[in-house]
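Open the model in a viewer and keep the selection panel at hand. The stops below go from one chain to the other.

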Amino acid sequence: MTNAARIYLDNNATTRVVEEAVAAMLPLYTEEYGNPSSAHAFGAAAGKGMRAARKAMQGLIGAESEAEIIFTSGGTEANTTAIRSALAVQEGRREVIISTVEHPAILQLCDALEKYEGVKVQRIPVDAQGRLEIEAYRAALSDRVAVVSFMWANNETGVIFPVEGLAELAHEFGALFHTDAVQAAGKTPISVKGTAIDMLSLSAHKFHGPKGVGVLYLKKGVAFQPLLRGGKQERGRRAGTENAPAVTGAGVAAEIAAARLADDAPRIAALRDRLEAGILNTISHCTVLGAPRDRVPNTLCIAFDLVEGEGIVMKLDRAGIAASTGSACASGAVEPSHVVRAMGVPFTAAHGVVRFSISRFTTEDEIDRLLETLPAIVADLRALSPFWSENGPNLPGQMPAAQ
Amino acid sequence: MFDYSDKVKEYFFKPRNAGVLEDANAVGEAGSLARGDALKLMLRINPLSEMIEEARFLSHGGGSMIACSSALTELVRGKSVDEASRLTSADIAEFLDGLPPEKMHCSESGEKALAAAIAAFRGETPVAPERRPAEPALVQIAVPPKPRRAPPPAAAAMAARQNGAAPGMTLRELIAKNNPLAAVEEEETGPVEPVSEDDASVISKIITEMRPIFQRDKGDIELLEIKGRQVFVRLSGTCASCLMASQTLAGVQKRIMETIGRPFLLIPSTARA
C-alpha cells in the first residue's frame with residue numbers, strides 16, 4: 001500500500017498538520033530557538049509567533065480579548081486546570097456536574113476528585129440519540145455546585161450539546177461553566193464573547209495543528225487558580241517554558257481553520273452524508289448513532305449489528321483505510337465504549353460500532369473507495385458469525401443488553 | 001489497535017476452517033453476543049477411532065477471537081479426543097505466538113468451546129459457561145441440560161437442521177435450523193414441563209406491571225403463552241420495530257428470572273397494530 005493511496009478517516013483522533021504550520025514551526029527549532037521569556041533577539045523572535053497564535057486562538061473561538069487565552073500542553077491539561085481551578089476558587093462549593101459521555105480526561109478526573117478529595121460529582125445521562133437530559137441537569141443544579149462541565153461536541157458521535165443555554169442555567173445557580181470544545185473547534189462556529197461560558201478547552205492537533213498544544217480560554221474576570229506554578233509564563237497562569245514552536249504552528253492552524261470554516265463545513269457535511277447514505281443503502285442491519293441534525297459535520301458513528309467493530313477496523317486498515325471502533329477490550333471482555341453504553345445501544349449492535357471522521361483533506365473519491373470496500377468486509381465477518389444466517393440475524397430469542 | 005502477532009493477523013485475515021460443518025457430531029459453544037464475543041466449534045469425530053477428522057467454527061468477535069477460533073480448529077484436527085481434551089487456552093495462545101493480555105479471554109473461550117464439544121460427544125453434561133448473574137449467556141438462559149445417553153446432542157441438532165429449510169417456516173423453526181444448540185434444547189426437554197400456576201401468575205403480573213413502560217413509547221406488550229421455560233409475548237405498535245424494545249424486554253426477562261429464581265426465555269413475536 002503506497003502512502004498516497006491510504007485513506008485517513010480518523011480525524012477525531014488526530015489530524016494531519018497543515019504544511020503552513022510546519023513551515024512556521026521549523027525555524028523555531030534550529031534558528032530562532034530562543035526562550036520567549038528571554039530579553040534578547042532570540043527570545044523576541046519566539047515570542048512573536050506566540051503572540052500571533054494567541055490572536056489566532058482568540059479569533060477561532062470568538063473571545064473578547066487575547067488575554068483570555070492560556071496555552072497548555074493539550075486538551076487534557078486544559079480540562080484538568082479548569083475543573084480544579086473552579087473548585088479551588090469557590091471553597092463553599094464542593095459539587096461538580098458533568099455528563100456521562102464526557103471525554104475520559106473529564107470523567108477520570110472527576111472519578112479521582114470524588115474518590116480522593118471528597119467532591120460530589122453528578123453525572124447527567126443522555127438519551128438514545130446522545131442528547132443531554134436537560135431536566136436531569138436542571139434537577140442537579142444547586143448553590144453547592146462549583147462548576148458544570150459539558151462537552152461542546154462528542155468525540156465518538158459528534159453530537160453537539162447546546163452549551164450556551166446550559167451555561168446560562170449554571171449561572172442561575174452561581175456555578176461556573178466549562179466546556180470541552182476539543183471536538184467542536186474548526187468544525188462548528190464558536191463565539192464565546194457575550195455567552196455565559198466561563199472556560200473552554202481546545203486541542204490544536206484536532207484542527208490540523210501539532211500535538212502537545214492546548215488552550216484554556218478563561219473569561220476575563222473569572223477567578224482562577226493555576227494548576228502548574230513556578231513561573232510567570234502565561235501571566236502566571238501556567239508555569240513552564242512555552243512550547244513556542246508548537247504554539248506558533250497551532251496558531252497558524254487555528255487561523256486557517258477559522259478562515260476556512262464557512263467553506264469547509266458544508267463540503268465536509270456533504271461528504272459525511274454521502275458516506276452515511278452509501279452505507280445505509282448497501283449494508284443491512286446498521287444504525288447511525290447520534291442525533292442526525294445535532295452533529296458536527298465531520299463525524300459518522302455507525303453501529304453494525306452482529307459484527308465486532310475491531311474486525312471491521314482491522315480489515316479496513318489492511319485495505320488502507322483508517323477508521324476507529326467504539327469499543328475497547330477491558331477486564332476480560334470486549335466492552336462497548338462509555339458513550340455507546342450511555343446511549344443504551346442494544347447489545348446486538350453495541351459491539352459493532354465504527355467511527356468515520358472526515359477532514360478538509362478528505363475527497364469524494366476516498367469516500368467512494370470506502371463505500372466499495374466496506375460492504376464485503378461486513379458481509380465476510382457476518383458470514384463467520386454464529387449469530388448470522390443467509391436470512392439475516394439468527395438469534396435464539398431475545399437476550400439482555402450489554403451491561 | 002492491539003499489537004497482534006503476525007500469526008494472529010494471518011489467522012484473522014485468512015481464517016482456516018471457517019463455516020458450518022454439516023456432518024458435525026460434536027458441537028460446543030462459549031461466550032455470548034451480550035459479552036461481545038462467542039464461538040461455536042463443530043467437530044466430526046470418528047465414533048470408532050475417536051479421532052477428530054474435521055473441525056470448523058463460527059465466531060463472533062474481534063481479530064483475536066476469530067484467530068483463536070481458527071487456530072483451535074487447526075490444533076484439534078487429526079488429534080484423538082483424549083489428546084484434544086488436554087489442550088488449554090495457553091496452547092491456543094502459544095500457537096498464535098501470543099496474545100495481548102486483554103485478549104487472553106479469547107483463547108479461554110476456545111478452551112471452553114472445546115470442552116463443551118467433547119462433553120457433548122461423550123454424552124456428558126456440558127461444561128456450563130461461566131456464570132454471571134447479570135449477564136445470561138447464550139447457553140445460560142436455556143433449560144439446564146440433563147445428563148443423558150446417546151444419541152449425542154449434535155445428532156439431534158443435525159436431524160433438526162435437515163428437517164428445516166421449507167418455505168414458510170416459523171421463526172422458531174428457523175432458529176432450530178440454524179442453531180443446533182436451540183434445536184438440542186427443544187429435543188432434549190422432551191415433554192414440556194408445565195409451568196406452575198404460581199409462576200404463571202407471577203410472570204403475568206410482571207408483564208402487566210411493565211406494560212406502561214411499553215405504552216409510554218406508544219407500543220404494547222401482551223403475554224401469549226408460557227411453555228415450560230419459554231415465555232411468548234406479543235409486541236405491538238412502535239415497540240415492534242423499536243431497537244430499544246430489546247433492552248426493555250431484557251429487563252422484563254431479568255425481572256422474571258430474579259423473581260422466580262429460575263431461567264426463563266422471553267420470546268417476542270411482533271405484530272403491527
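**Chain B, then chain A**

Start with chain B of this predicted model. Colour its contacts by sequence separation: of those between residues at least 6 apart in sequence, 58% join residues at least 24 apart. Chain B has 273 residues, of which 44% count as buried. Its secondary structure comprises 10 helices and 6 strands.

Next, select strands E1, E2 and E3 of chain B, an open antiparallel sheet in the order E1-E2-E3. E1 (26-32) and E3 (52-60) of chain B are the edge strands, each pairing on one side only. On average, neighbouring strands of this sheet are turned by 10 degrees against each other, direction ignored.

Zoom in on E2 (37-45) of chain B, which is joined to E3(B) by 8 bridges. Show B:Leu39 and look across to E3(B), where B:Ser59 stands opposite.

Now add helix H2 (63-76) of chain B. It lies across E2 and E3 of chain B and runs at about 175 degrees to E3(B).

Move to chain A and colour by domain: domain 1 covers 3-12 + 262-393, and domain 2 covers 19-257. The centres of these two domains of chain A, taken over C-alpha atoms, are 29 Å apart. Each domain of chain A gives 20 residues to the contact.

Finish on the side of domain 1 of chain A that touches domain 2 of chain A. Strand E10 (299-304) and helix H10 (338-342) of chain A are the elements that give two or more residues to it. H10(A) supplies the largest share, 3 residues. By class, this side of domain 1 of chain A has 9 nonpolar, 8 polar and 3 charged residues.

Notes
Residues numbered from 1 in each chain as written. Chains lettered and ligands numbered in written order. Predicted model: local features only at pLDDT ≥ 70, side-chain atom pairs only at ≥ 80, totals over all residues. Helix = DSSP H or I, 4+ residues; strand = E, 2+ residues; numbered from the N terminus. Buried ≥ 20, exposed ≤ 12 C-beta atoms within 10 Å, placed from the backbone. Contact = placed C-beta atoms within 7 Å. Domains from an automatic or database assignment. Nonpolar A, V, L, I, M, F, W, Y, C, P; charged D, E, K, R; others polar. Pairing = 2+ DSSP bridges. Axes fitted to C-alpha atoms, helices over the stretch in contact; angles between N-to-C directions.
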